Amino acid sequence: MDETQFKNLAQDAPFELSPVMPNMLDGDKIIQFRCHKDVGCWNACCANIDITLTPYDILRLKNHLELSSGDFLKQYTVPYEMDQDGMPGVKLRPVEGGTACQFMKPEGCGVYANRPTACRYYPIALLSMRNQEEFTDRAVYAMVEEKHCLGHQEPRSLSIDDYRKEQGVDEYDVKGRGWRQLVLKRKSAGPGIGKPPAVSNQLFFMASYDIDRFRAFVSSDSFNRTYEIPLDVMATLLADDEALLEFGYNFLKHALFGEKFLAEQPGAYEARMERLKSKAEKLREEYLVNREQLEEDKYGEPGRPGDLSCGTKDCG
């Protein structure tokens, strides 16, 4: 592998970085690692968490806990910004007043069958990248070696690919790929003039993480007056969380990057332009009224003692 082409890969990854710059590894790389209840550091990694969640992680966890996406986000996550433009990210919230995962139990993970992507991969880090001349992203890996982890001393060797299969990350990678591509696209777009409008980050958050609120948005009258959604497609989106998640990734590309995904209803563009025109006219009217008021305030009354800040009646 030519590592020079990956020199900026860690900075472009969707997740926060380790202080140590990772070495890039292929899937056939042999690693030595095993985690089990009898290892001396059992639960140590779960006692001090910093775990970024993908949209699919949230979907699996909120369904496992039988919560709405909104309730899950409030109880189990904290928001953060993934870049200088405020791209929204979500992390697991630790226990109140501590650093441990809320799902940690003495016997291990309380949501093991639905544990997040980062937990499944540990001690491997997944890094996605895409060169400017490429149309799809590529996955490479890095080894995370923390001093407390004794799993690296266990006498078992296997390839990264085999470890991924053992931990069941294939499904998570497939379901999360659209989001990783979206994050890479936003990061590779380069600096803009000022920060993106707040509404774009709000839309990104809703479609990525708050899937139940996004479903209400997609089924709303205003959305359907704007976009043509076949009835069978809408029925699937209302019933299938995973289909809605994939729809959300494509809708964000449509809304944020102008990649054509949805056909608009006849007259929707004209109606939108009319709304914008009406809003502009209202703002212009407010400006003229305010300007007239400022002129009246400026010239409407004679000067009074102290207007020139001399503090006396003899201002000269």
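Author: A residue is buried when its relative accessible area is under 20%, exposed when over 50%, and partly exposed in between. The model discussed here is predicted.

Reader: Why does K91 count as buried?
Author: Its relative accessibility is 12%. The limit for buried is under 20%. K91 falls below that limit, so it counts as buried.

Reader: What makes the K91 contact with D50 a salt bridge?
Author: The closest N and O atoms of K91 and D50 are 2.7 Å apart. The rule asks for a Lys or Arg side-chain nitrogen within 4 Å of a carboxyl oxygen of Asp or Glu. The pair meets it, so it is a salt bridge.

Reader: How do you know that this pair links distant parts of the chain?
Author: K91 is in strand β3, residues 88-92. D50 is in the loop between β1 and α2. They are 41 residues apart.

Reader: Is D50 buried or exposed?
Author: D50 has 52% relative accessibility. Exposed starts over 50%, so D50 counts as exposed. Its partner K91 counts as buried.

Reader: How many salt bridges does the rule give?
Author: The count is 13. E259 and K185 form one of them, at 2.8 Å from N to O. This pair also links distant parts of the chain: E259 sits in the loop between α11 and α12, K185 in helix α6, 74 residues apart.

Reader: Why is E259 called partly exposed?
Author: Its relative accessible area is 32%. That is neither under 20% nor over 50%, so E259 is partly exposed.

Reader: What separates R215 and D212 along helix α8?
Author: About one helical turn, because they are three residues apart in α8, residues 211-218. The two form a salt bridge, with the closest N and O atoms 2.9 Å apart. R215, at 15%, counts as buried. D212, at 24%, counts as partly exposed. Salt bridges with shared partners join K62, D212, R215 and D241 into one network.

Reader: Why is α2 called roughly perpendicular to α3?
Author: The axes of α2 (residues 55-64) and α3 (residues 69-76) cross at roughly 100°. Roughly perpendicular runs from 65 to 115 degrees. The crossing lies in that range, which makes α2 roughly perpendicular to α3. The axes come within 10 Å.

Reader: Which residues make that contact?
Author: I58, L61 and K62 of α2, with S69, F72 and L73 of α3. Four are nonpolar, one is polar and one is charged.

Reader: What angle do the axes of α5 and α6 make where they cross?
Author: Roughly 90°, and the axes come within 6 Å. With 65 to 115 degrees as the range, α5 and α6 are therefore roughly perpendicular. R164, K165 and Q167 in α5 meet V169, D170 and D173 in α6. One of these residues is nonpolar, one is polar and four are charged.

Reader: What makes the phi of N43 worth a remark?
Author: Most residues other than glycine have a negative phi. N43 is not glycine, yet its phi is near 75°, a positive value. N43 lies in the loop between β1 and α2. Its relative accessible area is 16%, so N43 is buried.

Reader: Where is E66, and is it buried or exposed?
Author: E66 is in the loop between α2 and α3. At 73% relative accessibility, over the 50% limit, E66 counts as exposed. E66 also has a positive phi, about 60°, although it is not a glycine.

Reader: Which residues does a cis peptide bond join?
Author: Y122 and P123, with omega at about 10°. Most peptide bonds are trans. P123 lies in the loop between α4 and β6.

Reader: Which residues is C46 in contact with, leaving aside neighbours within four places in sequence?
Author: A100, C101 and M104. The C-alpha atoms of C46 and T99 are 8.5 Å apart, though 53 residues separate the two along the chain. C46 itself is in the loop between β1 and α2. At 24% it is partly exposed.

Reader: What share of the 316 residues in the chain is buried?
Author: Buried residues make up 38%. The chain has twelve helices and eight strands. It exposes about 19,000 Å², with carbon and sulfur atoms supplying 52% of that area. Among contacts between residues at least 6 apart in sequence, 69% join residues at least 24 apart.

Notes
Residues are numbered from 1 along each chain as its sequence is written. This is a predicted model: local features need pLDDT of at least 70, side-chain atom pairs count only at pLDDT 80 or more; totals for chains, interfaces and linings use all residues. Side-chain values use heavy atoms; hydrogens and water are left out. Axes are lines fitted to C-alpha atoms, for helices over the stretch in contact, and angles run from 0 to 180 degrees between N-to-C directions. Helices (H or I, at least four residues) and strands (E, at least two) are DSSP runs, numbered from the N terminus. Angles under 35 degrees count as roughly parallel, over 145 as roughly antiparallel, 65 to 115 as roughly perpendicular and the rest as oblique. Contact means heavy atoms within 4.5 Å. Ala, Val, Leu, Ile, Met, Phe, Trp, Tyr, Cys and Pro count as nonpolar, Asp, Glu, Lys and Arg as charged, and the others, Gly among them, as polar. Buried means under 20% relative accessible area, exposed over 50%, partly exposed in between (1.4 Å probe, protein chains only). Accessible areas come from the Shrake-Rupley method with a 1.4 Å probe; for residues, only the protein chains shown count as cover.
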